[in-house]
Amino acid sequence: MPTKPETLLEVDDLQVHFALRGGALGRLFGGDTGSVRAVDGVSFALARGEVLGVVGESGSGKTTLGRAILRMVPVTGGRVVFDGHDLTDLKESQLRPMRRQMQMVFQDPNASLNPAMDLLTAIGHPLRIHGVTDDEDQIRREVCKALERVGLVPVEQFLYKYPGDLSGGQKQRAVIARAIILGPDLLIADEPVSMLDMSVRAKILELMLELKNELGLTYVYVTHDLATAKFFCDKIAIMYLGRIVEYGPAEEIYADPKHPYTQSLLKAIPEPDPTKSLARDLPRGEIPDAAVPPLGCSFHPRCPKAFEICGWESRDLRDLIERHWLTHPDTEFDEQRRVVGNIAALDEPAVRAHLPAGTGRSAEDVQALLDQIRADDPREPLWSGVRDVRAGEGGVTVDFRDDFVDPPLYDVGRQQVACLLYRDAAHDRPANDAGVVASDD
Amino acid sequence: MSTLPMAPSADTVLSVRDLRVWYGTARGAVRAVDGVSFDLKRGETLGLVGESGCGKSTLGRGVLGLLPDAAKQAGSVVFEGEDLITMPRRRLRALRGPKLGLIFQEPMTRLNPLMRVSEHFYETLHAHEPDLTKQQMRRRAIDTLGAMGIPPTRFDNYPHEFSGGMRQRIMIALALVLNPAFVVADEPTTALDVLVEAQILRILADVKRSFDTAILLITHNLGIIAEACERVAVMYAGRIAEQGDARAVFARPAHPYTRELLASTISLATTSLHYIPGAPPDLVDPPSGCRFHPRCPDAMQVCPTRHPPTVTTELNQQVDCWLHGPEDEIPPGGTQPLPREAIGVADEA
């Protein structure tokens, strides 16, 4: 690698917010129906020849991020600078020549090739679209070169084949051939091997690495699979609910993952080794609704290390009560369910949660239920974020701490971590775990 | 012909012998499953692993008699003393649900969007146990859902109000509420994220313990097999190449395909990339003899001539591979290496 790598791609505070359509009336009167923050302030820089792995679960915004870099989805904020050109405000007509340098490989090779086009037509298509040439002979020569590059040889056997004649791996090779025919600098590959069989995946990854070296490509590798990313990437960005929660050199992320989310992801991959089994302390629940993200840190409801100021709120209380009912027999549930009135009152995100008493029940009954839940599992981290619980007004009011923090990315060594555990470490002091109430389990 | 040397033991729930499934196509018969035998014990999870097109899903459905009319079947699938292949369709229908269950790959598309979760359970329970009162049905459903981690407060919600992982839990609960003795789980976690996958794997382990259900777990992911199965059957081109105790098979794969597949798997422990040259064969016209021989690094002269008989190794793995003999059936010179035809990328995946 050169001593001073040239930055090819710079993404700065990129935002992609999709407006939510409300009901018919909302649309008619233009009321505020909120938005989904698919990508919510993402920044990174990528040097020429580097591979960035964007890793996350479905709903993390990783695919939207990949598309937003190419402006295939409308960008609502921030900047994308490619090879010194700011793409953000370019008109489509100005953007089009830039797209020759930036190509995309999609996940599903079956869906990204037109079944009615033979490979010569399909792979040569970008040359026509971008006005490189209309000359049949030249197109044929270029297509042959691209087919050879991706290992679809002898090329004569493939030029007139249709996607239906090819295996999954061959199709993905054809898709890659189409992506490189214009000689791009940047390739955004969205799960390029996840639809392929195990015995073929390594072959396609190897091909992509070869192409990177031969053609000097730079990759953004979008994936849910930390195992292939480990092999492939120089840098890793872990995404959760539209944000990067951990970012850094791949070797350090794998050797020393800092964010509890990254740690969980790495622990959750089943190894092909029956003598090892998965950790028991994996996060509960699933990635939350991006339209109404959790308060504070988005990961706190699932986080095994969450503590006082992570953003505890009303919905967490509902989850806790429901988990309590889950572990108790049906009869007890029927009885306890009547103690509480409308539990949906907790669904509105707030640091003050009011849990109404059921018909004919008193606030004290609700208080007793909460006490019982707390006694059942006093180590539950939610309680660390509770300032006050008081009965009254036909129910119980729970006040959570309102000084919670939505963690920005803190610099920790060569990594950046959006987790409050590192708030102090960020100022070159060792991490102060004194305030951590929740334990690992 | 591959038959299991062992006789089925007393706690065997399901015993499959020489099962064949083929479809007629314009090009000829596709032999999707071609002589498969295995046994499943009570409370045991057998992992069926293979690449796409190897016939594993067809096998899973064939065992339950859920194949389309165009598919032809031969062999036997003996469940609690009755052969599912030859029994009348009405009898088979009556067994499905209370005795035989299926968990599908895609939880998104298997629940009726217009029915509440509760109604799914009432329908299932009412169809098979019409004597239950509504209160009893509710109790059964809520208990089963609870074991899958669905809180009782969500019982009357609609499917769209649940996440993908929750829907898969609901599907599993629906398959288990009638307490079947045998369940086929066809790629139950493939559509899910890794953290949710881990949750579902734990649930399947709990199910096995608390319901004593025998599970045929179909997957392409060797990591899931290692995590969730006591025994594993590795399928290639319509046949089981190797089966045995999961620890033994992973530690000492007897069949070269198992070995190569394990080496191709990219995990966090992977240090170098490896793949199997060539591509799985066309099942209309599979290679002669052992079907893996054109891709096999250990292929011998005997391999293309005859399919190897099933042999039991000292670790009690059943393997179809001439490397393990029987030596008296290998013709003279049969163990000489087979000159490898160069596999061009043209034939590769």
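The expected span of a helix is taken here as 1.5 Å times one less than its number of residues. The model is a predicted one, so to speak of a local feature takes a pLDDT of at least 70, side-chain atom pairs count only at pLDDT 80 or more, and totals for chains, interfaces and linings use all residues. Residues are numbered from 1 along each chain as its sequence is written, while chains are lettered from A and ligands numbered from 1 in the order in which they are written.

Chain A comes first. Its secondary structure comes to 14 helices and 15 strands, where helices (H or I, at least four residues) and strands (E, at least two) are DSSP runs numbered from the N terminus. Along the principal axes, the C-alpha atoms of chain A fill a box of roughly 85 × 55 × 45 Å. Of its 441 residues, 44% count as buried, meaning that 20 or more other C-beta atoms, placed from the backbone, lie within 10 Å of the residue's own. Take the contacts in chain A (C-beta atoms, placed from the backbone, within 7 Å) between residues at least 6 apart in sequence: 66% of them join residues at least 24 apart.

Helix α7 of chain A (residues 168-180) makes a neat check on geometry. Its 13 residues should span 18 Å at 1.5 Å a residue, and the end C-alpha atoms sit 19 Å apart, which agrees. This helix is also mostly covered, with 13 of its 13 residues buried.

Further along chain A, three strands form an open sheet in the order β11-β13-β12, with antiparallel pairing; two strands pair if DSSP finds at least two bridges between them. At the edges are β11 (352-356) and β12 (386-392) of chain A, each pairing on one side only. From one strand to the next the twist averages 15 degrees, with axes fitted as lines to C-alpha atoms and angles running from 0 to 180 degrees between N-to-C directions. Strands β12(A) and β13(A) (residues 395-400) run antiparallel and are joined by six bridges. A:Gly392 has A:Gly395, in β13(A), as its bridge partner.

As for the interface, 45 residues of chain B are in contact with 48 residues of chain A. Elements giving two or more residues to the chain B side include α5 (134-147) and α7 (194-211) of chain B.

The largest nonpolar core holds 215 residues, of which A:Ala177, A:Tyr221 and B:Val234 touch the most other members. Such a core is a set of buried Ala, Val, Leu, Ile, Met, Phe, Trp, Tyr and Cys residues joined through C-beta atoms within 7 Å. Leaving out residues up to four places away in sequence, B:Val234 touches, among others, B:Val49, B:Ile240 and B:Leu261.

Definitions and conventions:
Buried ≥ 20, exposed ≤ 12 C-beta atoms within 10 Å, placed from the backbone. Contact = placed C-beta atoms within 7 Å.
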